[in-house]
Amino acid sequence: MQCALKFACSAAPPSSASIAPLLFPNTHNKKKKLRNGCSIRAELSDDNDPLLQAAINSASLRFHETHRQDPLFIDPYAGCFVSTHTQMDMETKAKQYCIATKFIDDKLLSTVNHMDGLKQVVLLSDGMDTRPYRLNWPSSTIMFDISPLRVFQKAAEKLDGVGAKIPQRCLFLHVPLETPNIQETLVTKGFNGTRPSVWAIQGLPLMTLVSFEEILLTVSGMAMKGCLFFGELPAWLAETGIGNKSSTKKWINNIFMSYGFKVDMISYDEVAKRLSKVVKPGDYEKILFVAEQLRCSDDQMETWRKELQRVDEDGDEEGFEDL
């Protein structure tokens, strides 16, 4: 399956067209035409880059959680992305974001620790995901981060400046979200669809429902049967798909099943109780989920196809010898 993440609304089926002009409509090299026919180049700066600012806001939440008296997790690198005097006025949303972060952290580690041999982790992130550096990954773990290139580069500079290192005998690779063909790039960088993998999403910019369906298509084509895909999704996806008549649970079941996944919605309140925390009532526009791949990956199907072809060819040769 040759698939790219295409971020635009369309009634057509997914294709391998580039997402760059759709997700980022020439924002890095946008030209404004003047009346005299000349043009100037409007460069994206740190202050007017919405993806960078969104990633910094999330890092701020992790920074403040780290410095609580009883933190859910420790992110020693979040501080290099934010100002120490940053003030947060989103108590409810901050708490739920941190509960989701802790849930994803624990789910990632529990999953990879049950894998034998090479362990493949794919993080669909905002570009400032510090999990490759702050989590205790077992040896032979290869991590792929799919995120906006500019944000990732800014984060990499900051992390390098504070001496952040991934665990020994692990590998960390970046796949730019703007890449024309995400699946092909993952394979080029070493992803193996005949080996177990785990996929987690938190913070990845999603502009349309179609963009999320492209992600499902990619994960469905690359993850082996039984592999997990979990994380956070914006709640507006369900509103886009079902309007006000059907429940979010019904929507999420339908869309995941259409790509071969069995999915469960996870209650933030239940996760908070297990962590001995209390979440105040309030609107939080995210959906926490865990999905299991029910289909075989493209690589698995190709391997079996070749094996069946070999068996058929061997049978033909034996039949010819009998003649």
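## Val210 and its helix

Val210 has its place in helix 7, which covers residues 209-222. The model described here is predicted. Val210 counts as buried because its relative accessibility is 15%, and buried means under 20%. In sequence, Val210 and Leu237 are 27 residues apart, while their C-alpha atoms lie 9.5 Å from each other in space. Leu237 is also one of the residues of a core that is taken up below.

## The chain as a whole

The protein chain contains 11 helices and nine strands. Of its 323 residues, 48% count as buried. The accessible surface amounts to about 16,800 Å², and carbon and sulfur atoms account for 50% of that area. Among the contacts between residues at least 6 apart in sequence, 74% join residues at least 24 apart.

The confidence of the prediction is given by pLDDT, which averages 83 over the chain, with 77% of the residues scoring at least 70. Over residues 1-42, however, the pLDDT is below 50. Beyond near neighbours in sequence, that stretch has 90 contacts in the model.

## Two nonpolar cores

Which residues touch the most other members of the largest nonpolar core? Among the 50 residues of this core, they are Phe81, Leu108, Val121, Met128, Trp137 and Phe230. At least two core residues come from each of several helices, namely helix 2 (50-66), helix 3 (91-112), helix 5 (149-161) and helix 10 (268-274). The strands that each supply at least two are strand 3 (119-125), strand 6 (197-202), strand 7 (228-234) and strand 9 (286-293). Helix 3 gives the most, with 10 residues.

A second core, separate from this one, has 39 residues, including Leu173, Phe212, Leu233 and Leu237. In the largest core, Met128 offers an example of the packing. Leaving aside residues up to four places away in sequence, Met128 touches Leu52, Ala55, Ile56, Arg62, Phe81, Val151 and Ala155.

## Helix 2

Helix 2 has 17 residues and reaches 24 Å from its first C-alpha to its last, close to the 24 Å expected at 1.5 Å a residue. At the N-terminal end, Asp49 acts as a cap, with a side-chain oxygen 3.0 Å from the backbone nitrogen of Leu51.

Is helix 2 mostly covered or mostly exposed? Helix 2 is mostly covered, since 12 of its 17 residues are buried. The buried residues include nonpolar ones such as Leu51, Leu52, Ala55, Ile56, Ala59, Leu61 and Phe63. Ser58, Ser60, Arg62, Glu65 and Thr66 are buried as well. Leu52, Ala55, Ile56 and Arg62 are among the residues touched by Met128.

## Helix 5

Helix 5 has 13 residues and spans 18 Å from first to last C-alpha, close to the 18 Å expected at 1.5 Å a residue. Its buried residues are Arg150, Val151, Phe152, Ala155 and Leu159. An α-helix has 3.6 residues a turn, so residues three or four places apart point the same way. Among the buried residues of helix 5, this spacing may be looked for in Val151, Ala155 and Leu159.

Against which elements do these buried residues pack? They pack against helix 2, helix 4 (131-134), strand 4 and strand 5 (171-176). Just after helix 5, Gly163 takes a positive phi of about 75 degrees.

## Thr141 and two residues with positive phi

Thr141 lies in strand 4, which covers residues 141-147. Thr141 counts as buried because its relative accessibility is 1%. A polar atom of the Thr141 side chain lies 2.7 Å from the backbone oxygen of Pro138. Apart from residues up to four places away in sequence, Thr141 touches Lys119, Val121, Arg169, Cys170 and Leu171.

Most residues other than glycine have a negative phi. Ser140, although not a glycine, has a positive phi of about 70 degrees. Ser140 is in the loop between helix 4 and strand 4, and it is partly exposed because its relative accessible area is 30%. Arg169, also not a glycine, has a positive phi of about 65 degrees. Arg169 is in the loop between helix 5 and strand 5. With a relative accessible area of 68%, Arg169 is exposed, yet it is among the residues that Thr141 touches.

Note on methods. Residues numbered from 1 in each chain as written. Predicted model: local features only at pLDDT ≥ 70, side-chain atom pairs only at ≥ 80, totals over all residues. Heavy atoms only, no water. Core = buried A, V, L, I, M, F, W, Y, C linked by side-chain atoms within 4.5 Å. Buried < 20%, exposed > 50% of the residue type's maximum accessible area, 1.4 Å probe, protein only. Helix = DSSP H or I, 4+ residues; strand = E, 2+ residues; numbered from the N terminus. Contact = heavy atoms within 4.5 Å. Areas by Shrake-Rupley, 256 points an atom, 1.4 Å probe, with all protein chains shown as cover. Expected span 1.5 Å × (residues − 1). Polar contact = N/O pair within 3.5 Å; in protein donor to acceptor, adjacent residues only side chain to side chain. pLDDT = per-residue confidence, 0-100.
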